[in-house]
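Here is a set of exercises to work through with the model open beside you. Try each task on your own before reading its solution.

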Amino acid sequence: MMTSTAPATATSSNDVPNALSDMLLPVVRSPILDREEELFAYELVFYRQGAGTDADTTLHGGIVSGITDGAITRLVRGNRAFMRLSRSLLLEQTDILAHTPRLGIIIDPFQVRDAALLQRLQQLALRNCPLMLDLGDLDPGACEPHGPLEPLLRLARYVRIDAKALDAETLAIRCHQLYERGLGVIAGNVDDHLTYGHCKNLPFQAIQGRYLLVPQQIEVPVLTPNRLSLLRLMGALQDSHGGPVELGEIIRDDAVLSYKLLGCVNSAYFALPRQLKSIQQAAIFFGLARMRNWINTMALSSMDDRPPELLRAALIRAHMCEKLAQGMPTEQQDMAFMAGLLSLLDTLLCAPMEFVLSHLPLAPEIREALVEDRGPFAPMLAQIYAWEAGDLRSGQMQPQNIRKMAGAYFAATQWADQVYSFAEQRAH
């Protein structure tokens, strides 16, 4: 949310009461998409801060608190989610999962040798807790890899295969073996579109990996009329130096976009003191720079031919960039938002970044960050990429930075989900 240009009377996303903003547990939600590219589930990946038992205690306490107070449920918008829990948590805190039926547990092959844990997993399965067996550590060359895991396979509802570790033939064989047992088979570590293509032709229930954020390699990029129209709108917004009236004129003929935008800014999430009835009023209330960013956000989020989770990822990056840019001049905070929002434009439009940006009159600082990986916004984008990938070992990820990133990420997910919920709506 663009907080820097709002009048004092405006309520920003930072002011909205939300338990998640206080739960600074380092966690990323990794989407798992079904064959129609709709959300099947999230995997919640938690990161330890530091080493030793104190770090474990802090992490375990945060996870239990997040489940108990519903913060984790809100993080995933009530969707199905899977996470790994430590042995001690599984043995001592199983009861909390009985009240959260859409939270599932990821289990690993080595756990088949732990009699006490196996008994507890049986209890969870009887309570209809979804269990996903992650086969990522199995020997890719083993002829009968699943035999010793029979006790876990009988408990699991889903099984995840490491698509990166297997050749196409072995991947197909193992997928069919597990599918024929009636298990939901999930392809994991699908990090490129070639592997994704192999998986789409197999009976996988869902697919997970970095492929979602990676642009496809297209020899001759072609922008459809709808995408050209989107770029023209974004270009007009970047070129506009007028006031609220001129800003309203730009989207005057797009009744659907205006409807969504006004519905979003007037929602309970922002708790405005009065209802805004026009784009001009909103621009006066929030400020021109913020409203330009808002219109860009809503327009980009309205693309209905791309996976919704990809669009949400762009919104999360935008909000995180703006949060990380706090302390910079106001103009740079606005540009940071756009740098994050446009960082997935090549993936969204299925065209090279340089080609897409050639249609937009952007500030040099934004173009430098997206094309040349330099300038004031490149380091914050690098931090966000590392956070998404779970790389907290880089030099930039000191404990204080991890806490800051955790707070920015939680706020960004809530903001992105709110905005996207309005972008999906249709005018009556």
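The exercises below go from the whole chain to its strands, helices and loops.

**Exercise 1. The chain as a whole**

Task: Find how many helices and strands the chain has, and what share of its residues count as buried.

Solution: Please keep in mind that this is a predicted model. Step one is to count the elements: the chain has 20 helices and 8 strands. Step two is burial, and 54% of the 428 residues count as buried. Step three looks at contacts between residues at least 6 apart in sequence: 69% of these join residues at least 24 apart.

**Exercise 2. The barrel**

Task: Work out in what order the 8 strands close into a barrel, and how strand 2 pairs with strand 1 and with strand 3.

Solution: Begin with the overall order. The barrel closes as 1-2-3-4-5-6-7-8, with mixed pairing. As a reminder, strands of a sheet pair through backbone hydrogen bonds, either parallel or antiparallel.

Next, take the pair of strand 1 and strand 2: they run antiparallel and are joined by 7 bridges. A useful landmark here is valine 27, which stands opposite phenylalanine 46 in strand 2.

Then move on to strand 3 (residues 81-83), which pairs with strand 2 in the parallel sense over 3 bridges. Tyrosine 42 is found opposite alanine 81 in strand 3.

Finally, check the surroundings. Helix 14 (residues 308-324) lies across strand 1 (27-34) and strand 2 (39-46), and runs at about 160° to strand 1. Strand 2 has 6 of its 8 residues buried, so it is largely enclosed by the rest of the structure.

**Exercise 3. Strand 6 and its neighbours**

Task: Decide which residues stand on each side of strand 6, and what joins strand 6 to strand 7 along the chain.

Solution: First, the faces. In a regular strand the side chains alternate between the two faces of the sheet. In strand 6, Tyr158, Arg160 and Asp162 are on one side, with Val159 and Ile161 on the other, and all of them are buried. That agrees with the count of 5 buried residues out of 5.

Second, the pairing. Strand 5 (residues 131-134) runs parallel to strand 6, with 3 bridges between them. Strand 6 (residues 158-162) and strand 7 (residues 184-188) are also parallel, with 5 bridges.

Third, the partners. Arginine 160 of strand 6 has aspartate 134 opposite it, and its bridge partner in strand 7 is isoleucine 186. Tyrosine 158 faces glycine 184 in strand 7.

Fourth, the connection. The chain leaves strand 6, passes through helix 7 (residues 168-179) and enters strand 7, making a right-handed β-α-β crossover.

**Exercise 4. Two helices in contact**

Task: Describe how helix 15 crosses helix 18, and which residues meet there.

Solution: Start with the geometry. The axes of helix 15 (residues 330-342) and helix 18 (residues 364-372) come within 10 Å and cross at roughly 35°, and the crossing is right-handed.

Now list the contact residues. From helix 15 come Met335, Met338, Ala339 and Leu342, and they meet Glu365, Ile366 and Leu370 of helix 18. By class, this contact has 6 nonpolar, no polar and 1 charged residues.

Last, widen the view to the rest of helix 18. Its buried residues are Ile366, Glu368, Ala369 and Leu370, and they pack against helix 15, helix 17 (353-357) and helix 19 (378-389).

**Exercise 5. Loops and positive phi**

Task: Locate glutamate 37, asparagine 189 and glutamine 93, and say whether glutamate 37 is buried, partly exposed or exposed.

Solution: Most residues other than glycine have a negative phi, and most peptide bonds are trans. Glutamate 37 has a positive phi of about 65° although it is not a glycine. It sits in the hairpin of strand 1 and strand 2, which has 4 residues between the strands. Glutamate 37 is partly exposed because its relative accessibility is 25%, and the buried class ends at 20%.

Asparagine 189, in the loop between strand 7 and helix 8 (193-200), has a positive phi of about 55°. With 38% relative accessibility, asparagine 189 is partly exposed too.

Glutamine 93 belongs to the loop between helix 4 (87-92) and strand 4 (103-107). Leaving aside residues up to four places away in sequence, glutamine 93 touches Val64 and Ser88. Glutamine 93 and valine 64 are 29 residues apart in sequence, with 7.8 Å from C-alpha to C-alpha.

Note on methods
Residues numbered from 1 in each chain as written. Predicted model: local features only at pLDDT ≥ 70, side-chain atom pairs only at ≥ 80, totals over all residues. Heavy atoms only, no water. Axes fitted to C-alpha atoms, helices over the stretch in contact; angles between N-to-C directions. Left-handed = near helix turned anticlockwise from the far one by under 90°. Contact = heavy atoms within 4.5 Å. Nonpolar A, V, L, I, M, F, W, Y, C, P; charged D, E, K, R; others polar. Pairing = 2+ DSSP bridges. Buried < 20%, exposed > 50% of the residue type's maximum accessible area, 1.4 Å probe, protein only. Right-handed = clockwise from strand over helix to strand, strands pointing away.
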